[in-house]
Amino acid sequence: MTPSEIRPRPLRAPGPLLAAGLCALLLAATAALLAAHAWAPLSPERAAHDWAVAHRPGPAATAARAITATGSGPVPYLLALLAGALAGRDRGERLRTAAVALATLLLGQAVRYGLMELITRPRPFEADWAGRATGHSFPSGHSTTSLLAAGLLVWAVRTRFPRTAARHLACGALAAWAVTVAATRVWLGVHWPGDVLAGWLLAGAWLSVALHLVRTGRLPVPHAPAEPPAPGAAP
């Protein structure tokens with residue numbers, strides 16, 4: 001084989017398993033850092049909390065409570081079911097995909113709950129709360145749940161719809177919703193920023209594992225992204 005026949009292999013983008021491993025590593029590092037401080041808030045966390053408590057007028061706090069409510073309860077589960085309905089191409093596939101999406105969300109919630117009960121990080125003082133909260137603080141349940149639901153729906157939109165401005169807009173709106181829900185948890189004084197970061201990292205790791213299983217055909221769901229039809233193709 002001559003040197004001219006040797007062609008470099010194309011670089012491959014990091015796969016979902018690599019993304020999952022990175023998120024898991026960062027989650028472990030975040031937990032280790034907070035554990036080293038006895039789970040007390042770090043200086044940046046305390047500063048962000050104090051700023052939030054001092055900057056939340058009544059109407060804005062009401063809006064934040066309405067937004068934060070969409071990050072738990074029935075809304076994320078309805079979004080997971082919607083993801084399955086969008087991604088499937090026929091009735092049977094929609095039912096299977098909806099079941100897989102719902103199971104992904106429920107199992108992710110179970111992992112999050114297990115970590116929360118294992119770590120038992122205290123929340124900020126209840127006197128600083130401007131919203132309702134239950135359970136321990138780390139990782140944030142609303143942050144984890146909203147990102148899981150948004151990620152599932154983004155996957156469904158990318159799977160079923162062609163690459164257009166509308167698809168980008170829909171995915172951006174879902175990402176903005178998840179970020180806003182997470183931000184309200186700090187702004188309402190019920191979580192430390194580290195709890196929100198941990199929720200995002202956990203959701204990112206879990207979604208990446210699910211995407212790997214989809215791409216390798218280990219889950220009975222569609223996995224080919226929708227692309228625009230070729231020019232001149234028959235409708």
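## Core packing and a buried histidine

In this predicted model, Trp 177 touches Thr 70, Gly 71, Leu 79, Ser 146, Ala 149 and Ala 150, when residues up to four places away in sequence are not counted. Trp 177 also belongs to the largest nonpolar core, which has 22 residues, and it stands with Leu 152 and Trp 155 among those that have the most contacts inside that core. The elements that give two or more residues to this core are α4 (74-87), α5 (91-119), α6 (141-160), α7 (165-187) and α8 (193-215), and the element that gives the most is α6, with seven residues. A second core of ten residues is separate from this one, and its members include Leu 27, Ala 31, Leu 34 and Ile 119. In soluble globular proteins, nonpolar side chains tend to be buried together.

Another site to follow is His 191, which lies in the loop between α7 and α8. His 191 counts as buried because its relative accessibility is 1%, and buried means under 20%. Leaving aside neighbours within four places in sequence, His 191 is in contact with Arg 123, Pro 124, His 136, Ser 137, Ser 140, Gly 141, Arg 185 and Val 186. The side chain of His 191 also takes part in the polar pairs listed here.

| Side chain | Partner | Distance |
|---|---|---|
| His 191, polar atom | Ser 137, backbone oxygen | 3.0 Å |
| His 191 | Asp 195, side chain | 3.3 Å |

Ser 137 therefore appears both in the contact list of His 191 and, through its backbone oxygen, in the table.

Terms used:
Residues numbered from 1 in each chain as written. Predicted model: local features only at pLDDT ≥ 70, side-chain atom pairs only at ≥ 80, totals over all residues. Heavy atoms only, no water. Core = buried A, V, L, I, M, F, W, Y, C linked by side-chain atoms within 4.5 Å. Buried < 20%, exposed > 50% of the residue type's maximum accessible area, 1.4 Å probe, protein only. Helix = DSSP H or I, 4+ residues; strand = E, 2+ residues; numbered from the N terminus. Contact = heavy atoms within 4.5 Å. Polar contact = N/O pair within 3.5 Å; in protein donor to acceptor, adjacent residues only side chain to side chain.
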